[in-house]
Each structure stands twice: as structure tokens, then as C-alpha cells.
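Me: I'm new to this structure and would like to know how its descriptions are arrived at. Could you show me and walk me through the reasoning?

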Amino acid sequence: MINVLLDNNIIIDNLLGSRSNLFPVSKKVYEILFDNEIYQGYISSSSLDNIEYILFSELKKTINLSNKQINAVVHAAIKDLLTKVKLAKTPSYIDIDYDDIEGSQIIASAKAIDAKVITRDTGMIKKYPDIAMHADVFLKQHDKSSTNIPFLDLKATQQELSTELEQGFDRVLNSGWYILGPEVEAFEAEYAEYCEAKHCVGVANGLDALHLALLALDVQPGDEVIVPSNTYIATWLAVSQCGAIPVPVEPDPQTYNIDPAKIEAAITPRTKVILPVHLYGQPVDMDPILAIAKKHGLRVLEDGAQAHGARYKGKRLGAHGDVVAWSFYPGKNLGAYGDGGAITTNDPEIADRINVLRNYGSRVKYVNEVRGFNSRLDPLQAAALRVKLKVLDEWNIRRTNIAACYSNELINTGLLLPFVSEWAEPAWHLYVIQHPQRDALQKQLSVAGIGSLIHYPIPPHLQAAYKELGFGQGYFPIAEDIHQNILSLPIGPQLNNTDTVIAALKVITST
Ligand SMILES: Cc1ncc(COP(=O)(O)O)c(C=O)c1O
């Protein structure tokens, strides 16, 4: 997403019929801006007064209406303008130029949102060559603009919600409450309700959520925890942080998730917890796992880091097992603008333990019941998460639509496409395909300007970090095979050129 801020002259040219014929370039800027989803148009909030004034004075000269009627026309025009462009604030860290106060406000507004100012004012371009750009130059650059598609455009998530985020951040900054407090509590209540769980406790990140949840389940040094061989390393690290031992179980090669049929063989008298991961946003088949846990007296911790909003058999992930650990890492379906994490559970005792563990082992200030940690969800992140939680379902639908496009269009390309069980409603965090020449495919996509990633290139058991567990190459062949062939295609709520990715993949796979 490219931010551009329109100078007053471009706006007035478009709003006044008499000027639009004189300056066709301004009209063209409007057309390109509003016809191309890669751009987000802005005007500086400090421009509004002046635009109102100029429109009023120009109309007064040319049409025979009362002041009240002209005002109505002007206000309707500005209202309509604000349906097309967003307002950019004028920040307080502005360098005011007293010879051109409004110009310096416009420049500062553009800087704050990392935008170029599109203008016809050559004086402004001379003075601010890095920020101001002539409308003619913008048109030329647009013609040449590349069709690069990043794997995920994180900046675009911020741009879509910038107004609501600004409001949330201001609320926290003005509250004077910067650790835990009402913003975190409000998010916890809202996320628990969303997850159909009774409790939510916010923590500092997803790894901590897993670690503290294991501690709350009373995992001790020397205990064993069953983990997938195919996962992000954080799942294993949380187990190691407790001094416990991760015991890997291979995935179902179709779903990539832990294979419930292989779990019982891995259970020993030291097993305490089964830790399935809803990888790539695809829910794990929980019922057989819960049955095994019940049979053997084990607890179940779910790693939901990649699956916000997914449903298993119609019920939202959040409390199928004893407790679910969530990450709000920025790229997640529900992502913060920094680190963040949480647990959800129906068990008040687990929630209470984590509530104490995250805050120095303390319930009452300076009274420490246990040796705890400093792992609290930041109120600024909680404010952002509250904004993003409101759009999570809508954004997951956008992801689902992208996944449906890929699945429909790539069916005869020789790529192995994701499998979805009939009881699963995935969150489509990632759209993962397989191809025997994965590396070559990734390179060709890159040449076509299309980003892709591998989740993940090295399985945890082959990482140097887990050398001492003694698992070498060949120990977990299903995970190893997956890691060698998988590729994640671009997917995200702001991706709107799926067609380009599909077209490129069709060409690459047909040659
Ligand atoms: C499956 C999985 N578990 C745990 C984590 C850890 O989350 P965080 O990065 O917030 O610590 C992540 C994300 O990075 C993840 O993808």
C-alpha cells in the first residue's frame, strides 16, 4: 500500500469545475488514486479550513446563490471528498515555517504517515524535494510502477485501521496507566468472549503464553510433553524452558498437524501434557486427542498462535483443551504492533495461576506468592488488539476468499494444495503448497516480483538448539519431507492481486 497526500491545489482543481479543465493532470491523479487499490489517498487535517475557504470564495464569484446555499454545496463536496481520502493528522513534532505555515503542516502530516505530497506547487517541491512530488512525476512513476507483491504487507493493516488505532493509542497515553489496567482487562474480556472461553489472561508474547501455561499445568523438570515434529520452534522451546523434555510426534502428511493416531505410542509414565499446534491456521482434530488425554490422565495445551478465529466442529478454538496459548506477533491473524500474547481457558485455576505468574508471582503489590516472571500484555498493544479484534472475522473471510481462489485456480498445476477436513473452519493464517522443486519455484516467483516464505525451512529436531536430544536426519521423515517441499503463498487481508500470483504460478508450473 502506497500512501499519498494531496496538496490543496490538486483537491481544489478537482472540486471546482472551472479549474479541472485548466489542470487535467490533477484530474488524472484523482483517477489513478481512486482506481488503484495500491494507493491510499490522504489530505492533511490542517488543509480543511483552507479548502473550505477557497471553495466558498470561488463559488461566490461564479454562482448566484445565498451564502447558506453555497456553504451547503461546499460542505457536501468536502464530505464526499472524505469518503475517498483519509485525514492525516498534523503531528506535534512539526518544523513550522512561518512564511508558509500551511505548507509546513502539510509536509509534516505527510512525513507522519510516510507519504509523498502530490502537488502542482513548484515552490513546495523545491523546498521539500524528498517529500513533495509534482503531479506529472507521480503519473510517470505510476506508469512505471512495479507489480511487486510482498508475502505480507504489514503496513497495509495499519493503514486500513489508522484512525481507530490512533484513537486507541491516545486513550492509553492519556489514561496514565501503562502496565496492565483497564485496557488490558477490556481486551481480555473481549477476547475470551470471542474465543468462547471463560477466561483470557494477556501476557508478553506467544512463547511466554506457552511457557506459563505449561507451568500452570504443573509441568516440572524431567516431565515429558508431546509436541508436533512439524511446528515453529517456540512450541518446543516453551517445554524446554520448564526443564521438561519435548517428545516429538509426526504429523498427518495431509493436514500437516500432529497425527492423533501416533500420540499414544509416545506416551510414557513421565508424560504430563499433549501440546498440539493448530499449524497454518488449520484446526487440529481435537476429539481423539482429548480422548487420549482423558484415558491417560494428561492435560492438553493447544498452541493457537496461528489460528485466531478458526473453528473445530463449529466451535471456536479457545477452550477445547485445558488451555490455549496465543501469540499476537505482528504477522498473525490477530497481530499487535509489537510483541503480545495471551492464554484462554475455561479453568479458573489455570487462569489464576497464569495471572499471578505473569506479574512477578504477585497478586497483591509487593507480596510474592511464587517465583514469577515479568510477562504482561502491554496496554498500547491491548488497545491495538481491541481494534483488530473487531475486524478479525471480516479479515479472516478475506483470507478464506483468497484461499478459495488459490484452491480453485491452481488445481491442475501439479502443486499439492492444502487439505481441509470436513469439520475444520481454518483461519488461513498461511496458504501452504508443496512442490518437489520448491526452491526453484520460489526463485521464479521472486523473479516475477512475488514474495513467498517457507514455514519452516528446518524442523526443530534438526536445529542446533536441539542437538543434545540426539535426533539426526531421518528421525522424523514426514516432518523433514514437509519442510523440504513446502512454500507459503502470499495471503493477508489486504492482498488484492491474487490473480497475479495465480497467473504467475500457472506460467511457472506449465514450463
Ligand atoms: C506455532 C507458534 N507457536 C508459538 C509462537 C511464538 O509466538 P511469539 O513469537 O509471540 O513468541 C509462534 C509465533 O511466532 C508460532 O507460530
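Reply: Happy to! This is a predicted model. A good place to begin is the lining of the largest pocket, which by class has 16 nonpolar, ten polar and four charged residues.

Me: What makes a residue part of the lining of the largest pocket, and which are the closest to its centre?

Reply: A lining residue has an atom within 4 Å of a grid point of the pocket. For the largest pocket, which holds about 590 Å³ of space, 30 residues count as lining, and the closest to its centre are Tyr232, Gln306, Tyr329, Lys332 and Tyr456. Helix H12, helix H13 (234-241) and strand S13 (323-327) are the elements that give two or more residues to this lining.

Me: How do you know where the ligand sits?

Reply: A molecule sits in a pocket if more than half of its atoms lie within 2 Å of the grid points. The space taken by the ligand is the largest pocket.

Me: What makes a residue count as near the ligand, and how many surround it?

Reply: One of its heavy atoms must lie within 4 Å of the ligand. 14 residues surround the ligand, and Gly206, Leu207, Asp303, Ser327 and Lys332 are the closest. Helix H12 (residues 206-216) gives the most to this shell, with three residues. The shell divides into eight nonpolar, four polar and two charged residues.

Me: Why is the pair formed by aspartate 303 and a nitrogen atom of the ligand called a polar contact?

Reply: The cut-off for a pair of N or O atoms is 3.5 Å. A polar side-chain atom of aspartate 303 lies 2.7 Å from a nitrogen atom of the ligand, so this pair is a polar contact. The side chain of serine 327 has an N or O atom 2.7 Å from an oxygen atom of the ligand, and for glutamine 306 the distance from such a side-chain atom to a ligand oxygen is 2.9 Å. Both pairs therefore pass as well. The protein covers 91% of the 380 Å² of accessible area that the ligand has on its own.

Me: Where is tyrosine 456 found?

Reply: Tyrosine 456 is in the loop between helix H17 (438-447) and helix H18 (477-485). A cis peptide bond, with omega about 15°, joins histidine 455 to tyrosine 456.

Notes: Residues numbered from 1 in each chain as written. Predicted model: local features only at pLDDT ≥ 70, side-chain atom pairs only at ≥ 80, totals over all residues. Heavy atoms only, no water. Polar contact = N/O pair within 3.5 Å; in protein donor to acceptor, adjacent residues only side chain to side chain. Areas by Shrake-Rupley, 256 points an atom, 1.4 Å probe, with all protein chains shown as cover. 1 Å grid on protein atoms, 1.4 Å probe; cavity = no way out; pocket = protein on both sides within 12 Å on 5 of 7 lines; lining within 4 Å. Helix = DSSP H or I, 4+ residues; strand = E, 2+ residues; numbered from the N terminus. Nonpolar A, V, L, I, M, F, W, Y, C, P; charged D, E, K, R; others polar. Points joined across faces, edges and corners; volume = space filled by probe spheres on them.
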